[in-house]
Amino acid sequence: MNNVQPGLQALELDSASGRPELVDPFGRAITYLRVSVTDRCDFRCVYCMAENMSFLPKAEVLTLEELDRLCSAFVTRGVRKLRLTGGEPLVRRGIMTLVNALSRHLRSGALDELTLTTNGSQLAKYADELKAAGVRRINVSLDTLDAEKFRAITRWGALDQVLAGIDAAQAAGLKIKINTVALKGVNDDEFPKLIEWAHGRGMDLTLIEVMPLGEVGEGARLDQYLPLSVVRARLATRFSLADTDYRTGGPARYVRVAETGGRLGFITPLTHNFCESCNRVRVTCTGTLYMCLGQEDAADLRKPLRASEANDLLFGAIDEAISRKPKGHDFVIDRRHQRPALARHMSVTGG
Ligand SMILES: C[S@@+](CC[C@H](N)C(=O)[O-])C[C@H]1O[C@@H](n2cnc3c(N)ncnc32)[C@H](O)[C@@H]1O
Ligand code: SF4
């Protein structure tokens, strides 16, 4: 980089590591990291997990200290937004120790946002602490407002508990976005009601197309698949939907619903390609870095993390992995074999 002016070059280098910010081979800056802090969950959503999942032995899962070191290494290298997910992040023992530790990057200004995606079951317990740690908004997953249906979808969850969690989070001043997985014949009759409910409480709602990830023991993946193009067309007969260019750094496209005044997002990984603007990578709770949600290629960061207390090996492994970030993904529901295109569960990469 001989022809770069000294001032500009200094800007490109991070002061703490002396290393450049992470940019992939297609020029996309990696500024968003999603970290799965546990593979465990207190729910067993039918599209996400089998009922009797076997979980990872403790030794394979990164400790809270290791998770902090890993996240902080990414922050040092230019990540500005950190999302904790799982499994269910709020069932990880000691989760607030991690959240509180990571909040130092918010205070230093290195991080713009620390957030999480949760099923809401533990929110009543943690909402105040999350807010105090500097978390401003969270995503809560909720597919139905019908208690029986909720139990059928989550197998182990209780709707009341989640609604109480949402109340507590709003009372604590956390902004909430609701994520709803669109499931054919299960909750597709409820979208208008969900939209009115969420918008009525000042929450955005995003519909997510079900993705072909992991064996979940239902054998019904193709039956559950509902293209959001169809959902949108149906909703448009009832609501006036106006396209917006609002983005949250995620893959959702948003419309404004004139009747409610709220925002409605669509995440359509199967029917649309959102890869061009991809600024994100994911790390599992075992320290495996996935450069793309839809591809198998991954890098082990646990080994370099555990091999040395200094971060040189870790940075080397991250650089090498980012240099392999693919241009886009290959999601396909294999219609002939009716098997998911990817074997890993969403609870592994955290969605
Ligand atoms: C894996 S969960 C982890 C965080 C937390 N337990 C929760 O449910 O919000 C993250 C998101 O992925 C979604 N998800 C899980 N499996 C999915 C699938 N096969 N297709 C689409 N979304 C899925 C969930 O609905 C949730 O919104
Ligand atoms: S979607 Fe979230 S709440 Fe449901 S089983 Fe998966 S990790 Fe648990």
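# A walk through the chain

Start with the whole chain on screen: among its contacts (heavy atoms within 4.5 Å) with a separation of 6 or more, 72% are between residues 24 or more positions apart. This is a predicted model, where local features need pLDDT of at least 70, side-chain atom pairs count only at pLDDT 80 or more, and totals for chains, interfaces and linings use all residues. Residues are numbered from 1 along each chain as its sequence is written, chains are lettered from A and ligands numbered from 1 in the order in which they are written, and side-chain values use heavy atoms, with hydrogens and water left out.

Switch to cartoon view. You'll find twelve helices and twelve strands; these are DSSP runs numbered from the N terminus, with H or I and at least four residues for helices, and E and at least two for strands. Of the 351 residues, 56% are buried. Here buried means under 20% relative accessible area, exposed means over 50%, and partly exposed is in between, using a 1.4 Å probe and protein chains only. Turn on the surface, too: the chain exposes about 15,500 Å², and carbon and sulfur atoms supply 51% of that. Those areas come from the Shrake-Rupley method with a 1.4 Å probe, and for residues only the protein chains shown count as cover.

**Stop 1: the core.** Select Phe74, Leu82, Leu84, Leu130, Ile178 and Leu264. Of the 96 residues in the largest nonpolar core, these touch the most other members. Helix α2 (residues 64-76) gives the most to this core, with seven residues. A nonpolar core is a set of buried Ala, Val, Leu, Ile, Met, Phe, Trp, Tyr and Cys residues joined through side-chain atoms within 4.5 Å.

**Stop 2: three strands.** Color β2 (residues 81-85), where five of the five residues are buried. Lys81, Arg83 and Thr85 point one way, while Leu82 and Leu84 point the other. In a regular strand, side chains alternate between the two faces of the sheet.

Now add the partners of β2. Strand β1 (residues 32-36) runs parallel to β2 and is joined to it by five bridges; strands pair if DSSP finds at least two bridges between them. Tyrosine 32 has lysine 81 as its bridge partner in β2. Lysine 81 in turn has glutamate 113 as its bridge partner in β3, and four bridges join β2 to β3, again running parallel.

In β3 (residues 113-118), find leucine 116. Is leucine 116 buried or exposed? It is buried, with a relative accessible area of 4%. Leaving aside neighbours within four places in sequence, leucine 116 is in contact with nine residues' worth of company that includes Arg83, Leu84 and Leu130. Measure across to threonine 85: the two are 31 residues apart in sequence and 5.8 Å apart in space, C-alpha to C-alpha. Both faces of β3 are covered, with Glu113, Thr115 and Thr117 buried on one side and Leu114, Leu116 and Thr118 on the other.

**Stop 3: a wrapped-up helix.** Jump to α7 (residues 191-200). Seven of its ten residues are buried, so this helix is largely enclosed by the rest of the structure. Select Phe191, Pro192, Leu194, Ile195, Trp197, Ala198 and His199 to see the buried ones. What covers them includes α6 (159-171), β5 (175-182), β6 (204-209), α9 (228-236), β8 (253-257) and β9 (263-267). Leu264, from the core stop, is in contact with Ile195 and His199, among others. Just after α7, glycine 202 takes a positive phi of about 75 degrees.

**Stop 4: some single residues.** Go to arginine 155, in the loop between α5 (147-154) and α6. What is its phi? It is near 60 degrees, a positive value in a residue other than glycine. Most residues other than glycine have a negative phi. Arginine 155 is buried, with a relative accessible area of 15%.

Follow α6 to alanine 171, which is exposed at 69% relative accessible area. Next comes glutamate 259, in the loop between β8 and β9; it is partly exposed, at 46%. Beyond its sequence neighbours within four places, glutamate 259 is in contact with Arg238, Phe239 and Ser240.

**Last stop: ligand 2.** Which residues are around ligand 2? They are Cys41, Phe43, Cys45, Cys48, Met49, Gly87 and Asn119, each with a heavy atom within 4 Å of it. They divide into five nonpolar, two polar and no charged. In this count, Ala, Val, Leu, Ile, Met, Phe, Trp, Tyr, Cys and Pro are nonpolar, Asp, Glu, Lys and Arg are charged, and the others, Gly among them, are polar.
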